[in-house]
Amino acid sequence: MVDTARGHGNVVSFTFDDGPNPPDTLHLLAVLRKNHVKAVFCLVGDQVKAHPEVVRRIAAEGHTLCNHSLHHDNLSLLTPEQVTADLTETSTLIHQAVPWANIAYFRAPYGSWGQSPQIAADLGMQPLGWRFDIEDWVPPGADVLAQRIRDRLTPGAVILMHDGGGDRSQTVDAVAQVIPELRAQGWRLTLPLRRG
């Protein structure tokens, strides 16, 4: 499992879970495009099925795709066969939206991995962890979320944020706020490591 950004020194990776979720994902894409940042989008199969056009936008804009399970279930409660079926179906839905896309990563909902890391690796996906979660699933305001990023940031961090699972407009605003600050301080925004 990786939780480290590529490169040395002040590097950081942005990852976004539980989408795609219009309009927040679309607003986030606009922020990332304006700032020339590439991120990882951890996609839930049900959301992919509902919004394939947003998945196409994510991929077309050069972001990296991550399988985040079919229904956002706790995979540690499933048998290996059930996990394999879940991840395979999610990847199939993603490929129906973007047949050419590489699904580089897998992230387990709730951080409840169970046997899913090995299964994901066998399916060609790097298990993707994180150094910290900005806890935007309880929206405290964009300024608070931005401050959490500043306070918790360490070189090489993979940051877990959300573009889905509810109203994520505060997350989008926080990201828009911190990217120029990080750049001004010499941080580089990269993708997470890949092993193997």
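1. A residue counts as buried when its relative accessible area is under 20%. By that cut-off L145, at 0% relative accessibility, is buried. The model discussed in this note is a predicted one, and the points below take up its interior, its largest pocket and its backbone in turn.

2. L145 belongs to helix α6. Leaving out residues up to four places away in sequence, L145 touches I134, E135, D136, P140, Q170, T171 and A174. A further relation across the sequence concerns V178: this residue stands 33 residues from L145 along the chain, and the two C-alpha atoms are separated by 9.7 Å.

3. D136, one of the residues touched by L145, is found in the loop between β6 (132–133) and α6 (142–152). Is this aspartate buried or exposed? D136 has a relative accessibility of 1% and therefore counts as buried. Its side chain is joined to the side chain of T171 by a polar contact of 2.8 Å. Beyond four places in sequence, the residues that D136 touches are L145, M161, H162, R168 and T171. T171 is thus listed among the contacts of D136 and also among those of L145. From D136 to D167 the C-alpha distance is 9.8 Å, with their positions 31 residues apart in sequence.

4. The largest nonpolar core contains 50 residues. Which of its members touch the most other members? They are F14, F16, L32, F41, I159 and V175. The element that gives the most to this core is helix α7 (residues 169–184), with six residues. Another core, of nine residues, lies apart from it and includes C66, L128, V158 and L191.

5. Two of the residues named for the largest core can be described further. L32 lies in helix α1 and is buried, because its relative accessibility is 0%. Apart from neighbours within four places in sequence, L32 is in contact with F16, V37, A39, F41, H63, V175 and I179. L32 and V172 are 140 residues apart in sequence, yet their C-alpha atoms are 9.5 Å apart in space. For F41, with residues up to four places away again left out, the contacts are F16, T25, L28, L29, L32, I58, H63, T64, L65, C66 and D163. F16 and H63 therefore appear in the contact list of F41 as well as in that of L32.

6. The largest pocket has a volume of about 170 Å³. Its lining comprises 15 residues, and those closest to the pocket centre are H72, Y110, D133, W137 and H162. The lining divides into six nonpolar, four polar and five charged residues. Strands β1 (11–19) and β7 (157–162) each supply at least two of the lining residues. H162, listed among the residues closest to the centre, is also one of the contacts of D136.

7. Most residues other than glycine have a negative phi, and most peptide bonds are trans. Two residues merit inspection on the first count. H72, which is not a glycine, has a positive phi of about 65 degrees. H72 is placed in the loop between β3 (64–67) and α4 (80–97), and its relative accessible area of 19% makes it buried. D18, in strand β1, likewise has a positive phi, near 80 degrees. At 12% relative accessibility, D18 is buried.

8. Cis peptide bonds form the second count. One joins G19 and P20, with omega about 0 degrees; another joins P22 and P23, with omega about 5 degrees. P20 is located in the loop between β1 and α1 (24–34), and P23 is found in the loop between β1 and α1 as well.

9. A final point concerns Q126, in strand β5 (residues 126–127). At 8% relative accessibility, this glutamine counts as buried. Which residues does Q126 contact, leaving aside its neighbours within four places in sequence? They are M1, V2, A104, Y105, F106, L193, R194 and R195.

How values were computed: Residues numbered from 1 in each chain as written. Predicted model: local features only at pLDDT ≥ 70, side-chain atom pairs only at ≥ 80, totals over all residues. Heavy atoms only, no water. 1 Å grid on protein atoms, 1.4 Å probe; cavity = no way out; pocket = protein on both sides within 12 Å on 5 of 7 lines; lining within 4 Å. Points joined across faces, edges and corners; volume = space filled by probe spheres on them. Helix = DSSP H or I, 4+ residues; strand = E, 2+ residues; numbered from the N terminus. Nonpolar A, V, L, I, M, F, W, Y, C, P; charged D, E, K, R; others polar. Buried < 20%, exposed > 50% of the residue type's maximum accessible area, 1.4 Å probe, protein only. Contact = heavy atoms within 4.5 Å. Polar contact = N/O pair within 3.5 Å; in protein donor to acceptor, adjacent residues only side chain to side chain. Core = buried A, V, L, I, M, F, W, Y, C linked by side-chain atoms within 4.5 Å.
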